[in-house]
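Student: Before we begin, may I ask that each term be justified by the rule behind it? I should like to see how a value leads to a label.

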Amino acid sequence: MLTWPPPQIPRLPGRGGPIRVRDTSTGELVVAATGHTATVYVCGITPYDATHLGHAATYIAFDLLVRSWRDAGHSVRHASNVTDVDDPLLERALATGVDWRDLAIEQTALFAEDMTALGVIPPDVYTGAVESVFTVAQAVRDLLAAGAAYRVEEPDGTGHGRGDVYADLSVDPDLGQVAGLDRDEMLALFAERGGDPARAGKRDPLDPLLWRRERPGEPSWDGGELGSGRPGWHIECAVIARDGLGLPFDVQGGGVDLRFPHHEMSTSHARLLDSGQGARLHMHAGMVGLDGEKMSKSRGNLVLVSRLRALGENPMAIRLAILAHHYASDWEWTDADLERARARLDRWQRAVSGNGGPDATATLAAVRTALSTDLDAPAALAAVDAWAEDALRADGTASTAIGAPGVVARTVNALLGVRL
């Protein structure tokens, strides 16, 4: 699958330090990558609707991580997926009378346009569920052969000995380490977020689907001994991450609603496929709300990036509005967010418009320090705000360092992804 074009990232003097982030599983700040090559897998979209601000906030958060890693001297390998066949996509296609393949192509392209406009660096490995079907099918067959999966027949016996395949979580002693939830919490979230705890024939209500046998009117692929069907969601990400990054990799990330069951289950699958190896740590972005509710496609309470762009909003103002909130926090979008971001963008643009200004050495250091401490974008913005305020003082006494505005503009571009 093709990605969007990468933004140009200017070079900065010096180098940033180690990037520490908060591991969701432990709650502790840890160094995100300890080797020369830093690896991250970020769960991608299910392309049945356009990019809303919750999506944008997640991908901007991990864009900050990639930018900070690069600034610290790491070689970065970033993988992501597109779940271009799944129940929500098929349901939306049926409801709108659009072929599911056309809908997926259209919405994936719109997502790429939004990411390009927002200055998000594309992943190095970008794989769709459809193009990974046969690789995933092999992984499911491997789990069956290892005794880590089993079949569940339809009550009428239509599976002919080759029914849906489920993971047997009982063989994974480390299950639960990602989210740290008790069983009752897991059961409630599993039912709420696409699981099927009441499915007859399962060994445990929490066992997740690995391979769904073909149903009338649904797309399917030849799974060999699995029978015709399509992969489950969690195994899709486990296999794409394994093949794109190798195991173990440094960071698995996405929105906090993916912590369970998606990241718990995909990490379990990765462990079982590779003798205990998975992501070293997990990072999760907070939820963006609107009118008191989490912004989500199912609720329909969306602020779409493409709609804001169509109304003439500068994508850099949209990005600044998101960066004003720490990536891990839950927050609610209001029109005031965008108003403040427009004013900030204008102030920064005026401040860097001259040849001279306050020395920018401390500002660059402050931005690097803020981002190295759990990607604290609000603190980084505050450091640039302070420089801009000095640069715009009416008495002109701050305009002492020739070239300082250029250093700040390159800092904001390279580390925060904001083009001035």
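Tutor: Two strands are said to pair if DSSP finds at least two bridges between them. With that rule in hand, we may turn to this structure, which is a predicted model.

Student: How do you know that strand 10 and strand 11 pair?

Tutor: Strand 10, residues 249–255, is joined to strand 11 by 6 bridges. The rule asks for at least two bridges, so these strands pair. Their directions are parallel. One of the partnerships links G254 with H284 of strand 11.

Student: To what sheet do these strands belong, and in what order do its strands lie?

Tutor: The sheet is open and has 5 strands, in the order 5-4-3-10-11, with parallel pairing.

Student: What makes strand 5 and strand 11 the edge strands?

Tutor: Each of them, strand 5 (125–128) and strand 11 (279–285), pairs on one side only. On average, neighbouring strands of this sheet are turned by 20° against each other, direction ignored.

Student: Which helix lies across strand 10 and strand 11?

Tutor: Helix 7, residues 259–273, lies across both, and runs at about 155° to strand 10.

Student: Why is A362 called exposed?

Tutor: A362 has a relative accessible area of 56%. The label requires over 50%, so A362 is exposed. The residue sits in helix 11 (residues 361–372). Its C-alpha atom is separated by 12 Å from that of P13, although the two are 349 residues apart along the chain.

Student: And T363, also in helix 11: why is T363 called buried?

Tutor: The relative accessible area of T363 is 10%. Buried means under 20%, therefore T363 qualifies. Leaving aside residues up to four places away in sequence, T363 touches A383, V384 and W387.

Student: How many cavities of 30 Å³ or more are there, and what makes a space a cavity?

Tutor: The count is 4. A space is called a cavity because a 1.4 Å probe fits there but cannot get out. The largest cavity has a volume of about 110 Å³.

Student: Which residues lie nearest the centre of the largest cavity, and which elements line it?

Tutor: Of its 15 lining residues, W4, Y59, H78, S80 and P123 lie nearest the centre. Helix 1, strand 4 (75–82) and helix 3 (100–118) each give two or more residues to this lining. Helix 1 provides the largest share, with 3 residues. By class, the lining divides into 11 nonpolar, 3 polar and 1 charged.

Student: What is the volume of the second largest cavity, and what lines it?

Tutor: The second largest cavity has a volume of about 90 Å³. Its lining includes A57, I60, A61, L64, H325, H326 and W331. Helix 1 and helix 9 (315–323) give two or more residues each, and helix 1 gives the most, with 4 residues.

Student: How do you know that this lining has no charged residues?

Tutor: Asp, Glu, Lys and Arg count as charged, and the lining of the second largest cavity divides into 9 nonpolar, 3 polar and no charged, so none of those four types takes part.

Student: What lines the second largest pocket?

Tutor: That pocket, with about 310 Å³ of space, is lined by 13 residues, the closest to its centre being P10, R11, L12, R70 and D71. Helix 1 (53–71) and helix 13 (404–416) each supply at least two of the lining residues. The classes here are 5 nonpolar, 2 polar and 6 charged.

How values were computed:
Residues numbered from 1 in each chain as written. Predicted model: local features only at pLDDT ≥ 70, side-chain atom pairs only at ≥ 80, totals over all residues. Heavy atoms only, no water. Axes fitted to C-alpha atoms, helices over the stretch in contact; angles between N-to-C directions. Contact = heavy atoms within 4.5 Å. 1 Å grid on protein atoms, 1.4 Å probe; cavity = no way out; pocket = protein on both sides within 12 Å on 5 of 7 lines; lining within 4 Å. Points joined across faces, edges and corners; volume = space filled by probe spheres on them. Buried < 20%, exposed > 50% of the residue type's maximum accessible area, 1.4 Å probe, protein only.
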